[in-house]
Amino acid sequence: MIGIHATDWPSCFLYWGKARPASAEGAAYHLLPFHSLDVAAVGWHLLAPERPLALLLARRLDLPPTVLRSLLVFFLGLHDLGKFARAFQGQVSMGALVPPLASCRYTERHDRLGALLWSEAGIPWLRDGTLGFPKQSFNGDQRNTLSAVLGVLTSVVFGHHGKPVARNGLRMQSFFGADQHADDHRAASAFVAEWAALMAVPWPVEQLTSPQWTASLRGLSWTLAGWAVLSDWLGSNQTYFEYVAEPEPLKAYWPVALEKAEQALSATGFGHALEPRPYTGLSAWFNGKAVTPTPLQSAVEALELRAGPQLFILEDVTGAGKTEAACILAQRLLYAGEAEGLYFALPTMATSNAMYSRLGAMHRRFYAEEGEPSFVLAHGARDLNEDFARSLVGDQPGDWNYQAGEASASAQCNHWLTDSRKKALLADVAVGTIDQALMGVLPFRHQSLRLYGLARKVLIVDEVHAYDVYTRSLLVALLAHHARQGGSAILLTATLPLGQRQALVNGWRQALNAAPISLQETKFPLLTRTGGDPSVLEQPVEARPASRRSVAVDWLEHEDQAVEAVINAVSEGRSVAWVRNTVDDAIRAYQTVRERHPEPDRCVLFHSRFAMADRQEIESRVLSALGKESEPAARRGQVLIATQVFQESLDCDVDVMISDLAPVDLLIQRAGRLQRHARGERPPPRLWVLAPPWDERPGVSWLRDALPGTSFVYPDVAISWLTQKVLRERGGIHLPKDARALLEGVYGVSEETLPEGLRDTRLQQEGEDQGRIAMARYNLLDLAAGYVGDDQPWLDDHQEIGTRLSDEPTVNVVLLKREAKGGIVLWAQGEQHAAMLSQLRLRESQARKLPELAGPDLAAWEELQGRYKALKYTQPWLPEADAAVRYDPALGCLLG
């Protein structure tokens, strides 16, 4: 070893790894070698050979799980190597710790200093036996490959603060002392040698010098980086890893660290090994009640599963039981050892709420009775699993934040996990928005933790058709990465054009180095499955008899006709919904209809510009009046004026429906809320569509002149015109018979067949779509390159790259109100999760119209922010002090 003598090894214990600032009880420190082993012990248990994630990683890297664990945990033990720098140690002066050096100032983070030390000493350690690496000769290509592999493995562990690090431009003598024989270098070498001897890594030389193996490791390095982050966070929790300042050999401390890590994992929910149950039929989910599966559910029950990553696409109409079909597949995959949990990804917070309620306790049926799977909703407004939140965060003494902008591991852990949207990705079963998953493929700090959470799960994405071309591009990248790390995914949709299905299938296949394939099947409903094998399964499925529907479509040309249609339905005692494409149009229609309604209180407005507290109240009111269990008396004359949030979130149905013109897939979705449930005899279902007068040769302003709001929301005029054309030709929406014809009649039409007046707008739209795809590619991380380098900006979670591409960013606005004593409080003051319930989201230009707080109100707001972490990165708004913009609990935010 380099200048190391047998009597020198205890010097490595004189360095602190964790420290607590002085208090009434005095300062305390935890010796660096012990902290390093604490973190390694957590990682050791997380990679137990019997765990599905360990098996998955071992299979992808072609190594026995025991060998893989020893290799990875050895490197994890080096994660804080940079703390041996005297520059870092000089921040704290306590007891027998090494003294500071005036020449070494702490101006760089310790994770970068670890990369610096490894770049100087790693290869010498490999050659002189410090790492316990076998002595043998390599040719030039093998040396280069081995160097690259070691670079990836060390990047994984040195990047444990949420992003990759590099040593660029740093000099050893500025941080570690004058030369390689300085105390810091000697102490680090002694620690590495002792740790390597303890771990006795069976170095898999053949794999470490293989370019193909290196490529696989790079793809998996993002998941491994998340494993390192979680290990560091949990291993820094003082509740389970109390500080130790008395040196002892690593061999003596390692069993202690393993025992502490086991306790920490058990207490935080990561230690339990859930035992999946085999799928035995739907009746097992419903307490033995006889349940007849739908044709789609029967198809997935009988489907032969294959080992390795698989993509399933389930296409069927609303009411076909797609969610349960996905759960059947998921339970079968869990039992086959292909995953440890589930993540349901949905388009919006509202759909996430609905799915969370729908799953209920069903997820517990996937595991043995003694199992306690954590189940979390991925936003903080309601129905959170509070026990899970407390077990992860807990109260513990504060750690020393190393410098401005460099929080300790436990501080980062607490900040990250107090946001339930992120925490959900680490739960066994979770429901949330697709955005939380997509952030894993964008350069957000700690994105690796998201990918680690997803690597353990079956990823179920609902309503795949609901995403624009930008978000869809991010989704394809996420699915490709999920395939590369060995996971499976299930995509659910009622309406998916062939081109989109083709792109999803070939994106998955490309990730597995399988040849692209041309899909042929046009029947509907359809079950599609692909993996890395040469063939793709396209299995037509019978439609569920109860899901066969025919909805006539009629046309309205003016808003006043729509208002008359609403009032006529009310006079007949029928319930009505009018779905508008913009919030402002919805508010105006609501005010007009309410003025003419004989019972105005039976009118409800529902859109996205309500504070969450009011939105939840409206949802409850709508479900009571129009939900599945609603009574005739409550439904009589009930009118709902809503935007798209209605069809996305609420299981309701109405007798009569009116909709502004929208793309055909959205009209199909809206029609799904028309006479959705059996309620006795009713006139045949009919969808009234407010649209411009039909024109065989429309001009560019055809839609804008009649419905300016619609043309803003759906700028591709050709899509709107083709929707009107195909619905007029078909006479209505007949499912499932016409599903493919309706979709391909809109999305499968070439530009040459469009009327001349729409061709330029179509070309412009296609150009904008290509720009959105290019923007997605620009924003995406290069996941194939691996978790290495630091050559791009990394954003904190509150910053918006955007998982959705819109004309401008959005802002979370916090609604405030003035109390009797003159102070300000949250809009939902007194409610649980009041900080979240008081928020609404506005576009940035809309939020700029709101006045700033001043004087005592500003001081009161700052006090609220100190009390509620959910108010960080939000904008306050006190409507009572705003002369231009109003807020009304029944109307929402009125921008004027």
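Q: What share of the 896 residues in the protein chain is buried?
A: In this predicted model, buried residues account for 59% of the 896 residues in the protein chain. A residue is counted as buried when its relative accessible area is under 20%.

Q: How many helices and strands does the secondary structure of the protein chain hold?
A: The protein chain has 34 helices and 23 strands.

Q: What part of the area exposed by the protein chain do carbon and sulfur atoms supply?
A: The exposed area is about 34800 Å², and carbon and sulfur atoms contribute 50% of it.

Q: Among contacts between residues at least 6 apart in sequence, what percentage joins residues at least 24 apart?
A: In the protein chain, 77% of such contacts join residues at least 24 apart.

Q: Why are helices α5 and α7 called oblique to each other?
A: Helix α5 (residues 110-128) and helix α7 (residues 183-199) pack at an angle of about 50 degrees, and their axes are 12 Å apart. Angles under 35 degrees count as roughly parallel, and those from 65 to 115 as roughly perpendicular. The angle of about 50 degrees belongs to neither range, and α5 and α7 are therefore oblique. The crossing of α5 past α7 is right-handed.

Q: Which residues of α5 and α7 meet, and what makes up their contact by class?
A: From α5, Leu117, Ala121 and Trp125 meet His185, Ala188, Ser189 and Val192 of α7. By class, this contact has five nonpolar residues, two polar residues and no charged residues.

Q: Why are helices α19 and α31 called oblique to each other?
A: The axes of helix α19 (residues 469-484) and helix α31 (residues 756-779) cross at roughly 40 degrees and come within 8 Å. Roughly parallel helices would need an angle under 35 degrees. The value of roughly 40 degrees does not meet that cut-off, nor does it fall in the perpendicular range of 65 to 115; α19 and α31 are therefore oblique. Their crossing is right-handed.

Q: What residues form the contact between α19 and α31, and how many are charged?
A: Val469, Tyr470, Ser473 and Leu474 in α19 meet Asp769, Arg772, Ile773, Met775, Ala776 and Asn779 in α31. By class, the contact comprises six nonpolar, two polar and two charged residues.

Q: Where do cis peptide bonds join Phe524 to Pro525 and Leu735 to Pro736?
A: The bond between Phe524 and Pro525 is cis, with omega of about 0 degrees, and Pro525 lies in the loop between α20 (498-511) and β9 (526-530). The bond between Leu735 and Pro736 is also cis, with omega of about 5 degrees. Pro736 is placed in the loop between β17 (732-735) and α30 (739-747). Most peptide bonds are trans.

Q: What makes the phi of Asp62 notable, and how do you know whether Asp62 is buried or exposed?
A: Most residues other than glycine have a negative phi. Asp62 is not a glycine, yet its phi is positive, at about 55 degrees. Asp62 lies in the loop between α2 (52-61) and α3 (65-76). Its relative accessible area is 59%, over the cut-off of 50%, so Asp62 is exposed.

Q: Why is Tyr873 called partly exposed?
A: The relative accessibility of Tyr873 is 43%. Buried would require under 20% and exposed over 50%, so at 43% Tyr873 counts as partly exposed. Tyr873 lies in the loop between α34 (855-867) and β21 (875-877). Tyr873, a residue other than glycine, has a positive phi near 65 degrees.

Methods: Residues are numbered from 1 along each chain as its sequence is written. This is a predicted model: local features need pLDDT of at least 70, side-chain atom pairs count only at pLDDT 80 or more; totals for chains, interfaces and linings use all residues. Side-chain values use heavy atoms; hydrogens and water are left out. Axes are lines fitted to C-alpha atoms, for helices over the stretch in contact, and angles run from 0 to 180 degrees between N-to-C directions. Helices (H or I, at least four residues) and strands (E, at least two) are DSSP runs, numbered from the N terminus. Angles under 35 degrees count as roughly parallel, over 145 as roughly antiparallel, 65 to 115 as roughly perpendicular and the rest as oblique. A crossing is left-handed if the near helix is turned anticlockwise from the far one by less than a right angle, and right-handed if clockwise. Contact means heavy atoms within 4.5 Å. Ala, Val, Leu, Ile, Met, Phe, Trp, Tyr, Cys and Pro count as nonpolar, Asp, Glu, Lys and Arg as charged, and the others, Gly among them, as polar. Buried means under 20% relative accessible area, exposed over 50%, partly exposed in between (1.4 Å probe, protein chains only). Accessible areas come from the Shrake-Rupley method with a 1.4 Å probe; for residues, only the protein chains shown count as cover.
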